[in-house]
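Subject: Structure handover and what was found in it

Dear colleague,

I am passing on the structure we talked about, and I would be glad if you opened it before reading further. The notes below it go from the whole protein down to single residues.

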Amino acid sequence: MRTTILHGGTLIDGQGTDPRHGVDIVIEGDAVREIVPSRPADAYGTVDEIVDAVGTLVIPGLINNHTHGTAYGPLFPSGHAGLPHRQVLANLDRHLLEGTTTVLCVDGFVTAEALADTDGAHPVNVKLASCNTPSCLRAATIADGGGLAAANRAFTARHAVAAGAVALGEIGAGHTLGGGGTSYMYIPAEVQRRTGQTITPRQANALKIAVLGRHIAVSAFDPAAVEVALADAGLLGSLTVEDARAIVSDIVLPAFDVALHGLAEAADQARAVGVPVLVHNAAASMTQVAAIAKTGVTLIAGHSNHSSFELREAVEHAERLKELGAVVDVSTLDTFGAQRLTTGPELLYAMFAAGVVDTISTDYAGGHHDPILLAIDRSTKAGVVRLPAAVAMATANVADAIPGVAPRRGRVVPGAIADLVLTDPARLHRVGTVMIGGDIVVRDGRRVGEESHYR
């Protein structure tokens, strides 16, 4: 049995406890055997490898409970055409190089066979959530459905759980509930088709809000705001106010009420089959999300820092959800990088500072998500959350919230599976080494054993 020593590092074990400096982690086979004060390397005699961890921070492998494009099959809960397999593997490479060792794919219509094929092609542990309830399937078919084959339609949520799915989710989505998916995909595509002009996701989002408001309501239509949004997007003369109203309404509204109904339907099914339900939590769905939280289902309120929320609204909503026993998740989105829809970290920081965050994920952000460790690094340096607590939000808290997603993972303790990350304590997102099941799969920031798909 292979024995590896991580020698002399500083350990944050994922349980929210203070760092332990100068420890050796002894890994035997796929598990942590013991954690001891560091001693000279030659004291271990003959072992397979001693990894110099001096000057590094050792943490559990991250468990990301909200990812898209991480399994073969339809993309998003709108059933969009799936990504090429090479792109899926590149997405998994990206997560791995960011320190993530387990992902939950919440695209929702992936089959068990496709998941097994994905999981066998990449070292990251890929787990499945399903959104294939009657209303969610209908909403997907209305909004898009371009990637839904007969096998995807037939593989219902109940079938998925019986085959090993660990949650229902993402229930609702930015693509069926008028969220970011409509702003970075469907509205720009339709504007391009009609006018030949390209608009940004932020410009599309401004049009959507001017037509339907943050909470998605026909009564929110503001002709003056639509005209301003058209001007800002360079579309005056190409589209009228009524044209813009029709484009946004025809994209967002047909699936919206169906998807909204799907939240309660999926919660009922999740309760019946005994798994958590991860829902799209945004301004447009917040009332229904709060109602579901009262029903006793294990509820994960996804991306509770969604850009459709106003700051105070988001914090107060999260406080109410926690009172009702829900798990409040925040996502990195594209908060620090691309900012195609988000405008900065203020909402994320406010959620941390208010003490309402339970878990941290990435979501997709149109393929531009920021690394979890980057968000943790910036947030701890901003003083809004302590590092041990933030690490727990990306590791043990996730494992506890979704019991099937990462058994024996998320904590660095004797007996745990050895999913471990060595990173730079000064710049947490500079990941050096990643172990999965006791095997080193990233060394010096690069995939081991084969060419990375990620560029």
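Before we come to individual pairs of residues, one definition is needed: two strands pair if DSSP finds at least two bridges between them. Please also keep in mind throughout that this is a predicted model.

To begin with the whole protein, there are 15 helices and 17 strands in it. The radius of gyration is 22 Å, which is close to the 23 Å that the globule rule gives for 455 residues, and the protein is therefore as compact as a globular protein of that length. Taken along the principal axes, the box filled by the C-alpha atoms is roughly 75 × 45 × 45 Å. Of the 455 residues, 60% count as buried, while the area that the protein exposes is about 16600 Å², with carbon and sulfur atoms supplying 51% of it. If one takes the contacts between residues at least 6 apart in sequence, 70% of them join residues at least 24 apart.

The strands around E8 deserve a slower look. Strand E8 covers residues 125-130, and because five of its six residues are buried, this strand is largely enclosed by the rest of the structure. On one pairing, strand E7 (residues 100-108) runs parallel to E8 and is joined to it by five bridges, and here glycine 108 has serine 130 of E8 as its bridge partner. Between these two strands the chain passes through helix H2 (residues 112-121), giving a β-α-β crossover that is right-handed. E8 is also joined by two bridges to strand E9 (residues 167-171), again with the two strands running parallel, and in this pairing alanine 129 stands opposite alanine 167 of E9.

Turning to the interior, the largest nonpolar core has 120 residues, and the members that touch the most others are Ile171, Leu207, Val226, Val277, Leu299, Met351 and Phe352. Helix H9 (residues 241-273) gives the most to this core, contributing 15 residues. Which residues does leucine 207 contact, leaving aside its neighbours within four places in sequence? They are Ile199, Val226, Ala229, Leu230, Leu235, Ala244 and Val248. Another core, of 16 residues, lies apart from the largest one, and Val23, Ile25, Ala53 and Leu422 are among its members.

With best wishes

Methods: Residues numbered from 1 in each chain as written. Predicted model: local features only at pLDDT ≥ 70, side-chain atom pairs only at ≥ 80, totals over all residues. Heavy atoms only, no water. Core = buried A, V, L, I, M, F, W, Y, C linked by side-chain atoms within 4.5 Å. Buried < 20%, exposed > 50% of the residue type's maximum accessible area, 1.4 Å probe, protein only. Helix = DSSP H or I, 4+ residues; strand = E, 2+ residues; numbered from the N terminus. Contact = heavy atoms within 4.5 Å. Right-handed = clockwise from strand over helix to strand, strands pointing away. Rg over C-alpha atoms; globule rule 2.2 N^0.38 Å. Areas by Shrake-Rupley, 256 points an atom, 1.4 Å probe, with all protein chains shown as cover.
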